[in-house]
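Q: Can you walk me through this one? I'd like to start with the contacts and get to the interior later.

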Amino acid sequence: MDAATAATATAAAALVWFRKGLRVHDNPALDAARRSAARVYPVFVLDPRYLRSDPAAPSQGSARAGVARVRFLLESLRDLDARLRRLGSRLLVLRARDDVSDAVCAALKDWNIGKLCFESDTEPYALARDKRVTDFAAASGIEVFSPVSHTLFDPAEIIEKNGGRPPLTYKSFVATAGEPPKPVMEEYSELPPIGDTGGYELLPVPKLEELGYGDVSQEYIPPFRGGETEALKRMRESLQDKEWVAKFEKPKGDPSAFLKPATTVLSPYLKFGCLSARYFYHCIQDVYRSTKTHTKPPVSLAGQLLWRDFFYTVSFGTPNFDQMEGNKICKQIPWIENEELFVAWRDGRTGYPWIDAIMIQLRKWGWMHHLARHSVACFLTRGDLYIHWEQGRDVFERLLIDSDWAINNGNWLWLSCSSFFYQYHRIYSPISFGKKYDPNGDYIRHFIPVLKDMPKEYIYEPWTAPLSVQEKARCIVGKDYPKPVVDHEAASKECRRRMGEAYASNRLGGNPVKGNSSNSSRRKFSDGGQDVPDSSMSKQPR
DNA sequence: TTCTGGTTGTTACC
DNA sequence: GGTAACAACCAGAA
């Protein structure tokens with residue numbers, strides 16, 4: 001159903017189910033509810049599976065989310081509640097006993113809801129959850145309105161426009177997508193009141209301390225506060241500097257900048273929907289209209305929002321997108337298993353200060369610059385350790401405050417040269433890449449205090465410092481700070497060799513017996529086989 | 001079948 | 001701050 005039809009339908013009571021989309025502006029689901037019902041119940045359901053403390057997890061938080069992201073979520077909910085209250089409403093925070101969908105269905109029934117409105121969500125977990133609710137609604141005669149408003153475009157529409165498959169390059173995605181719809185930005189001063197909530201106990205948004213994660217050190221508070229209010233303020237501040245916006249080129253940012261990050265840091269707000277991607281996109285276009293020239297996609301600021309939609313679209317149209325096995329766009333690579341090396345990477349103890357500082361920033365802030373993410377992802381996978389990208393993906397997914405299923409998986413596929421990007425001989429140096437931006441090592445000194453007195457000559461390679469220098473800096477390598485877990489020169493060389501081998505066997509792989517070379521120009525999406533290459537391209541068959 | 005272009009490598013050299 | 005060599009990938013277009 002489109003927005004206009006939704007608006008004309010009337011229902012006595014509507015329930016707006018917030019999940020992502022934690023905002024009032026450009027919120028078509030909320031908009032449809034307020035137009036069509038005399039009473040509107042804005043609901044958020046706390047998911048115990050997402051929030052329950054897990055003492056066995058490698059850092060404070062739940063099994064699925066680190067404390068930084070949980071804090072960001074709670075701040076966002078408090079802000080949403082405050083904004084709804086200014087409109088004469090409030091956020092109804094429910095606690096699911098087990099399954100979130102059960103809690104929603106119960107509320108729909110208990111409050112005699114005639115219309116359910118929620119933002120469409122394309123993640124597999126969300127699709128399964130939402131289907132349980134929409135099935136219940138259909139069986140109960142409850143009208144459902146579920147608009148696309150998390151992304152610029154509707155991923156399903158783009159796939160259809162592209163002939164039933166997702167575009168696999170950014171360029172073809174942009175060509176297919178065209179211009180995004182405009183945001184819904186109508187101002188209004190009040191919402192319909194909430195109705196009778198019966199015997200429901202209405203609790204305020206819980207405090208982080210109430211969730212049982214123990215004492216959360218002040219050290220682990222990221223410098224970004226959650227919520228729509230903060231999102232809009234941050235966006236306006238970023239867009240105020242029109243020259244900066246017009247000249248923005250993503251690959252040129254400084255990954256070591258942390259006091260004033262080189263990007264907008266709006267990603268966590270987009271992740272939770274505190275900021276509408278469409279509103280942001282259109283505000284950027286306004287800035288472009290006021291400047292003589294501006295950068296273009298893929299590197300421009302607007303181009304970054306298109307990247308986001310690109311990954312949403314490919315992830316929606318690719319079965320098993322979040323794993324190697326059964327994923328047709330993913331190279332099959334025999335990654336090695338090495339718990340010791342993996343834990344060293346995860347906990348920021350590789351002995352490479354640039355890598356470790358980034359991983360510590362991740363644990364403390366839940367955010368790092370994009371290129372910093374590249375450095376550590378490359379190091380874990382095809383660059384040095386040759387460990388499975390899914391293991392790194394899990395660490396990022398849990399700890400990042402902007403952790404986003406489609407984008408996180410997409411970037412790990414990219415960085416591990418498993419999909420999208422295939423130039424595996426391009427490897428980030430864990431020494432020179434950071435040094436290029438921050439020769440003094442201020443970033444390292446900030447996140448790894450034990451190295452703060454190491455002279456700049458050695459800060460990226462402390463194991464090369466003479467013992468007298470290490471003693472003077474009160475940092476003995478091997479005691480106060482680890483020795484490198486691998487030799488980058490040798491490890492990266494070996495990784496290149498293995499990647500070459502893996503690629504060759506992917507070309508040979510699939511079903512060389514069944515494969516029909518006369519057919520090979522047609523891309524086969526329906527079976528497991530990849531096209532059979534010209535034998536002169538291949539190494540020895542095995 | 002062939003060609004082109006691809007957000008974000010490093011080092012050496014000018 | 002620019003360029004070439006390094007070794008050589010793929011999807012999409014023609």
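Q: What does the side chain of Gln-304 have within reach on DNA strand B?
A: An N or O atom in the Gln-304 side chain is 3.2 Å from a base oxygen of DNA strand B. Keep in mind that this is a predicted model.

Q: And which residues have an N or O atom close to a phosphate oxygen of DNA strand B?
A: Ser-429 is one of them, with a backbone N or O atom 2.5 Å from a phosphate oxygen. Lys-436 is another: an N or O atom in its side chain is 3.5 Å from a phosphate oxygen of the strand.

Q: How many residues surround DNA strand B, and which are the closest?
A: There are 19 around the strand, and the closest are Pro-251, Trp-307, Trp-414, Ser-429 and Ser-432. Of the strand's atoms that come within 4 Å of the protein, sugar and phosphate account for 43%.

Q: Which helices supply at least two residues each of that surface?
A: H13, H16 (370-383) and H19 each do. By class, the surface near DNA strand B has nine nonpolar, seven polar and three charged residues.

Q: Now the other strand. Which residues are closest to DNA strand C?
A: Leu-168, Thr-169, Lys-331, Tyr-422 and Tyr-503, out of eleven residues that surround DNA strand C. Those near the strand divide into four nonpolar, four polar and three charged.

Q: How much of what the protein meets there is sugar or phosphate?
A: For DNA strand C, 82% of the atoms within 4 Å of the protein belong to sugar or phosphate, and the rest to bases. Leu-168 has a backbone N or O atom 2.9 Å from a phosphate oxygen of this strand. With Lys-331, an N or O atom of the side chain is 3.2 Å from a phosphate oxygen of DNA strand C.

Q: Switching to rings. How many aromatic pairs are there?
A: The count comes to 37. Among them, Phe-310 and Phe-420 form an edge-to-face pair, 5.5 Å centre to centre with 65 degrees between the planes.

Q: Where do Phe-310 and Phe-420 lie?
A: Phe-310 is in helix H13 (residues 301-317), while Phe-420 is in the loop between helix H18 (405-415) and helix H19 (432-437), so their pairing ties together parts that are 110 residues apart in sequence. Both of these residues are buried.

Q: What about Tyr-443 and Phe-447: buried or exposed?
A: Tyr-443 and Phe-447 are both buried. They sit four residues apart in helix H20 (residues 442-447), about one turn of the helix. Ring pairs also link them into a cluster that includes Phe-224, Trp-354, Trp-365 and Tyr-428.

Q: On to the interior. How many residues are in the largest nonpolar core?
A: That core has 143 residues, and those with the most contacts inside it are Leu-77, Leu-239, Leu-275, Phe-280, Ile-284 and Trp-345. A second, separate core of 22 residues includes Ala-13, Ala-96, Ala-103 and Val-104.

Q: What is Leu-275 in contact with, leaving aside neighbours within four places in sequence?
A: Its partners include Arg-23, His-25, Met-235, Tyr-269 and Phe-280.

Q: Last one: where is Asn-27 found?
A: Asn-27 is in the loop between strand E1 (11-18) and helix H2 (28-36). With a relative accessible area of 8%, Asn-27 is buried.

Q: What lies 3.1 Å from a polar atom of the Asn-27 side chain?
A: The backbone nitrogen of Leu-30. Not counting residues up to four places away in sequence, Asn-27 touches Phe-18, Gly-21 and Val-184.

Technical notes:
Residues numbered from 1 in each chain as written. Chains lettered and ligands numbered in written order. Predicted model: local features only at pLDDT ≥ 70, side-chain atom pairs only at ≥ 80, totals over all residues. Heavy atoms only, no water. Core = buried A, V, L, I, M, F, W, Y, C linked by side-chain atoms within 4.5 Å. Buried < 20%, exposed > 50% of the residue type's maximum accessible area, 1.4 Å probe, protein only. Contact = heavy atoms within 4.5 Å. Near = heavy atom within 4 Å. Polar contact = N/O pair within 3.5 Å; in protein donor to acceptor, adjacent residues only side chain to side chain. Nonpolar A, V, L, I, M, F, W, Y, C, P; charged D, E, K, R; others polar. Phe/Tyr/Trp six-rings, centres within 6.5 Å; stacked < 30°, edge-to-face > 60°.
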